[in-house]
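Reader: I would like a close look at a single part of this model, taken slowly and with the reasoning spelled out.

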Amino acid sequence: MSAAGEAFLNKIGPAIHPENTGIRFPKRHSQLSWERIISEIGAGWFMDGFLYLFGAKVSIFNSILKQWEFLIGSEVNRSVIGKNAYGALLVIEGPDEKGVVARVGLLDPLAIKYWTDDNLLLMNLIGNWLPQEKLPNFLSNSIFEEWRSVHDQVLELDEILAIKTPLSLGGKMELSNFQVENIFDYYATTAPIYEKALNKK
């Protein structure tokens, strides 16, 4: 077990019903490195369904990135590698060129922000940034746990607890400010609204 794999499992725990990874790299050494870490930590659902990371179906969320180019830009090739129950997306930048040392970004609908850091790379996402909870709001599962305590159901892959009024527009992290929505519908309907709001600022 690598140090990165151990740190990830100590914080996040093992995958629930592990899947094959949906992330592929054209360069052989990157793919082998990726397969080694995935063999340790798994892929699919984690944290009682709060996270979906690195799983076989993760690429279905890539279409969302096009709709939110007003926030993240279009100058870099990006792919989604995971999401949380609030619809925040982990995004890898330039995966074909950089492989496992590609930079990672976070598209956060709670704050209407795309957040990244030059030191946030795919492999240290697993061994450092996730275990140390360095990604803003990404592992904050209190609202999800509260929702689960009063609803005898789980979220489907295309469902999220969508925030009604984002934190950056005065909303609060309260269950009453969240509702179950289809993630694709949520991003499609909010994109023009938030683009207009950001332009006004």
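Which residues are buried in helix α1 (residues 3-12)?

Author: Bearing in mind that this is a predicted model, the residues of helix α1 that are buried are G5, F8 and I12. These residues cover an arc of only 65 degrees around the axis, which puts them on the same side of α1. The general geometry helps here: an α-helix has 3.6 residues a turn, so residues three or four places apart point the same way. The face of α1 turned away from that buried side carries the exposed residues A3 and N10, where exposed stands for over 50% relative accessible area and buried for under 20%.

As for what lies against the buried side, the buried residues of α1 pack against two helices, α2 (28-41) and α6 (122-129), and also against the strands β1 (44-46) and β2 (51-53). Just after α1 comes G13, which takes a positive phi of about 90 degrees.

Helix α7 (residues 142-150) can be read in a similar manner, for I143, F144 and W147 are buried there. Seen down the axis of α7, its buried residues fall within an arc of 100 degrees, so they line one face of the helix. The partners of the buried residues of α7 are β7 (159-163) and β8 (178-182).

For the wider setting, the largest nonpolar core has 64 residues, of which W34, F54, L125 and F138 touch the most other members. Helix α8 (residues 183-200) gives the most to this core, with 5 residues.

Note on methods
Residues are numbered from 1 along each chain as its sequence is written. This is a predicted model: local features need pLDDT of at least 70, side-chain atom pairs count only at pLDDT 80 or more; totals for chains, interfaces and linings use all residues. Side-chain values use heavy atoms; hydrogens and water are left out. Buried means under 20% relative accessible area, exposed over 50%, partly exposed in between (1.4 Å probe, protein chains only). Helices (H or I, at least four residues) and strands (E, at least two) are DSSP runs, numbered from the N terminus. The arc is that of the directions from the helix axis to the C-beta atoms. Contact means heavy atoms within 4.5 Å. A nonpolar core is a set of buried Ala, Val, Leu, Ile, Met, Phe, Trp, Tyr and Cys residues joined through side-chain atoms within 4.5 Å.
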